[in-house]
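Here's a quick briefing on a protein–DNA model. Have a look at the sequence and the structure first.

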There are 2 protein chains.
Amino acid sequence: MTIDSLRADKRAKALSKDRIVEAAIAILDGEGEAGLTFRALATRLATGSGAIYWHVADKTELMTAASNAIMGRAMEAVDAEMEPRAGIRAVALAVFDAIDAHPWAGAQLFRDPAGSAMVEIIEGIGGRLLALNVPGAALFDAGSALLNYILGVAGQNAANARGHPAEVDRAAFLQAVAERWTERDPAAYPFVHRVAARLADHDDRAQFLAGLDLILAGIGALTEASDVLPRSGRAAPRAER
Amino acid sequence: MTIDSLRADKRAKALSKDRIVEAAIAILDGEGEAGLTFRALATRLATGSGAIYWHVADKTELMTAASNAIMGRAMEAVDAEMEPRAGIRAVALAVFDAIDAHPWAGAQLFRDPAGSAMVEIIEGIGGRLLALNVPGAALFDAGSALLNYILGVAGQNAANARGHPAEVDRAAFLQAVAERWTERDPAAYPFVHRVAARLADHDDRAQFLAGLDLILAGIGALTEASDVLPRSGRAAPRAER
DNA sequence: ACCTGAACACCGTTCAAGT
DNA sequence: ACCTGAACACCGTTCAAGT
């Protein structure tokens, strides 16, 4: 037996941070955040719970690594060569879809504000704002508006999926929310009554994009104001003064 | 006064859900979310942990009640008679300030999407969008953009304050985040490098308002487009086709 | 009715002991 | 070096027993 085949053999069975993180992702996806315990993880990996601590410092590091793996893959798939506005939409959708598929990763984003997942998202958006020539004074505001919007949606998606793992009836959940809304006095809560019906049947993803475009329109106004990159499309150019 | 007489004094006041919730808020504010245990709560109330369950179903109900108490007070303080745009800013600031003072309440918002705190915020924003005559088709988008932005900030504030209770050095925390950002390759992460310096010294509250105004500007563009409420100031009406 | 506090079924984490 | 699994110090929650 060669050294190589010994190593290959050992590598297939040996515990490693990678194998632990992949097992954690599988549990998080299948059972939800509450399902991930060191005991469950040890059972799945056919080892003792203490063995995991040889490769991973604690549960925080495990969650961080799992979330960064998911978000990293999602961000890698974003085409770097798109037009900046389309690129921002692509980054936002990559985050949205990753969190739709792995809601626990949405909650994790908030817990690791300097982690690689967050940095990739911020640069993915902000780098494209630079390419759009958003004026320096507005860069921070624009980036923060976009980031916070995306994080807000991420947090809501994570919360909506809390408890019920994977594919459980989202429409029924939103239906129940809408019903609790409409229990209130229509005179005192007109908006809530007006939009309740749309809550259950609306397309989350399309809704997410619509809100994003609204913010991009606000940023477009800043950009126009500096006369650097007039916005094309349905908005007419500014009238002359 | 002896410890025993203090205990007797506290026990003289009967337990009630209100007293339990107020004690929970005090612990959450003082020790953070990890500090709130039924044992700590029972000690503070000079009772047994089981007694609390007579008034409160479980920890979820306790957290929901505590969060709703905080957010309810914050929203009550918002003047109902303001001009709609100013009113939306006032609602957003009320949420921001409440969560700045009670970060745990920010995390809680996500966990109770049909709770009274969330409904008050949604109606507080959406009712004013109705007053602004935002066209029906855009109402949902505009409300969702504003809400998600506010929630995103709430979640970040909650995360930033995690662990370090109350007044611990926020600037130092953001400084550390900025340092981790700037460890990366400046060529690959130009935006992150550009804004890192502003992260530690910027005014969170002013920043929050700037992002909000950006979104309001985007909504203003929608409102203009429907010719219902032309926005005054620098933006001109649409050109004819 | 309301309260007590021990008991139960979990956790994350540690660590002496093994290979 | 890497792994085992019992042990420790917690939790939320329950419940027989008290007032």
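What follows covers the DNA contacts, then the interface of the two protein chains.

This is a predicted model, so to speak plainly about cut-offs: local features need pLDDT of at least 70, side-chain atom pairs count only at pLDDT 80 or more, and totals for chains, interfaces and linings use all residues. Residues are numbered from 1 along each chain as its sequence is written, chains are lettered from A and ligands numbered from 1 in the order written, and side-chain values use heavy atoms, with hydrogens and water left out.

**DNA strand C**

- 19 residues surround DNA strand C, where near means a heavy atom within 4 Å of the strand.
- Arg39(A), Lys59(A), Thr47(B), Gly50(B) and His55(B) are the closest of them.
- Sugar or phosphate accounts for 49% of the strand C atoms within 4 Å of the protein, and bases make up the rest.
- Lys59(A) puts a polar side-chain atom 2.7 Å from a phosphate oxygen of strand C.
- Backbone N or O atoms get in on it too: one of Gly48(B) sits 2.9 Å from a phosphate oxygen of strand C, and one of Leu36(A) sits 3.5 Å from a phosphate oxygen of that strand.
- Helix H3 (38-44) and helix H4 (49-55) of chain A, plus helix H4 (49-55) of chain B, each give two or more residues to this surface; helices here are DSSP runs (H or I, at least four residues), numbered from the N terminus.
- H4(B) gives the most, with 5 residues.
- By class, the surface near strand C has 6 nonpolar, 8 polar and 5 charged residues, with Gly counted as polar and Asp, Glu, Lys and Arg as charged.

**Chain B against chain A**

- The contact (heavy atoms within 4.5 Å) takes 65 residues from chain B and 66 from chain A.
- About 5500 Å² is buried between the two chains, 65% of it from carbon and sulfur atoms; that's the accessible area (1.4 Å probe) lost on putting the parts together, summed over both.
- Phe140(B), Phe191(B) and Leu214(B) supply 15% of what chain B buries against chain A, more than any other three residues.
- The rule finds 2 salt bridges across the interface (a side-chain nitrogen of Lys or Arg within 4 Å of a carboxyl oxygen of Asp or Glu).
- Arg184(B) and Glu120(A) meet in a salt bridge at 3.6 Å, N to O.
- H9(B) gives the most to the side of chain B that touches chain A, with 19 residues.
- That side of chain B has 35 nonpolar, 17 polar and 13 charged residues.

How values were computed
A polar contact is a pair of N or O atoms within 3.5 Å; within protein, one must be able to donate a hydrogen and the other to accept it, and residues adjacent in sequence count only if both atoms are side-chain atoms.
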